[in-house]
Amino acid sequence: MTKEELLEEIKKSMKARDKARTQILRLVNQAVKQIEVDERREVTEADITAAIKKLQKVTAEELDGLHKAGAETHAERIALLEEQAGILESILPKQVAGAELEALIDETCGKLGASTKRDMGKVMGALTKATNGNFDKPAAAAYLGKKLS
């Protein structure tokens, strides 16, 4: 998602009067602006994805803490956080998984000449660069482990 797409999503959510989505998108935009100010550069799609993932992680941690504290006393806040998590998930780029991931792993192994378990780190690093970290890491590790054994 580019910065222009993010701003367009904010406009759409405002026109639809979707307050929850607008609030989340504004949080992402605020994080993006902070990067621009702090680092004095234009943001990239990777920066925006990282900001979304950071908000997603914070939301998940707070949600987990509230579940442990007692769901019945924090039901309203838990519902709000679950909605927020869903919105954040919907604006993240699609993760590479399944057959597409296996094909990418096979291609990467061919390029790097990976043949033993020692090469697993190289392949995972190359996958991370190729997909900006948007792939199912446990599934990739399992498939790669079987392939390189």
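## Exercises on a predicted model

E36 is buried, at 18% relative accessible area. The model is predicted, and the exercises below work from its atoms.

**Exercise 1.** Find the salt-bridge partner of E36 and place both residues.

*Solution.*
- Step 1. The partner of E36 is K3, with 2.8 Å between the closest N and O atoms.
- Step 2. E36 sits in helix α2 and K3 in helix α1. They are 33 residues apart, so the pair links distant parts of the chain.
- Step 3. Classify the two ends. Buried means under 20% relative accessible area. E36 has 18%, so it is buried. K3 has 21% and is therefore partly exposed.

**Exercise 2.** Determine how E107 and K111 are spaced along their helix, and how accessible each one is.

*Solution.*
- Step 1. Both lie in helix α5 (residues 98–112).
- Step 2. They are four residues apart, which means a separation of about one helical turn.
- Step 3. Their side chains form a salt bridge, the closest N and O atoms being 3.2 Å apart.
- Step 4. E107 is partly exposed at 44% relative accessibility. K111 is exposed at 67%.

**Exercise 3.** Decide whether D119 and K122 are buried or exposed, given their salt bridge.

*Solution.*
- Step 1. The N to O distance of the bridge is 3.9 Å. The cut-off is 4 Å, so the pair counts.
- Step 2. D119 has a relative accessible area of 15%, so it is buried.
- Step 3. K122 reaches 57% and is therefore exposed.
- Step 4. Elsewhere, salt bridges with shared partners join E9, K12 and R21 into one network. The structure holds eleven salt bridges.

**Exercise 4.** Identify the helices that build the largest nonpolar core.

*Solution.*
- Step 1. The core has 17 residues. L6, V28, V32, I48, I52, L88 and I91 touch the most other members.
- Step 2. Helices α1 (3–15), α2 (19–39), α3 and α4 each supply at least two residues.
- Step 3. The largest share, six residues, comes from α2.

**Exercise 5.** Locate the patch of negative charge, then place E45 and E83 in their helices.

*Solution.*
- Step 1. The surface patch gathers E4, E5, E42 and E45.
- Step 2. E45 belongs to helix α3 (residues 45–70). At 44% relative accessibility, E45 is partly exposed.
- Step 3. E83 lies in helix α4 (residues 75–91). Its relative accessible area is 39%, so E83 is partly exposed.
- Step 4. From E83, go 61 residues along the chain to L144. The C-alpha atoms of E83 and L144 are separated by 35 Å.

Technical notes: Residues numbered from 1 in each chain as written. Predicted model: local features only at pLDDT ≥ 70, side-chain atom pairs only at ≥ 80, totals over all residues. Heavy atoms only, no water. Patch = residues over 30% accessible without salt bridge, like charges linked within 9 Å, V, L, I, M, F, W, Y side chains within 5 Å. Areas by Shrake-Rupley, 256 points an atom, 1.4 Å probe, with all protein chains shown as cover. Lys, Arg positive; Asp, Glu negative; His and termini not counted. Charge placed at Lys NZ, Arg CZ, Asp CG, Glu CD. Buried < 20%, exposed > 50% of the residue type's maximum accessible area, 1.4 Å probe, protein only. Core = buried A, V, L, I, M, F, W, Y, C linked by side-chain atoms within 4.5 Å.
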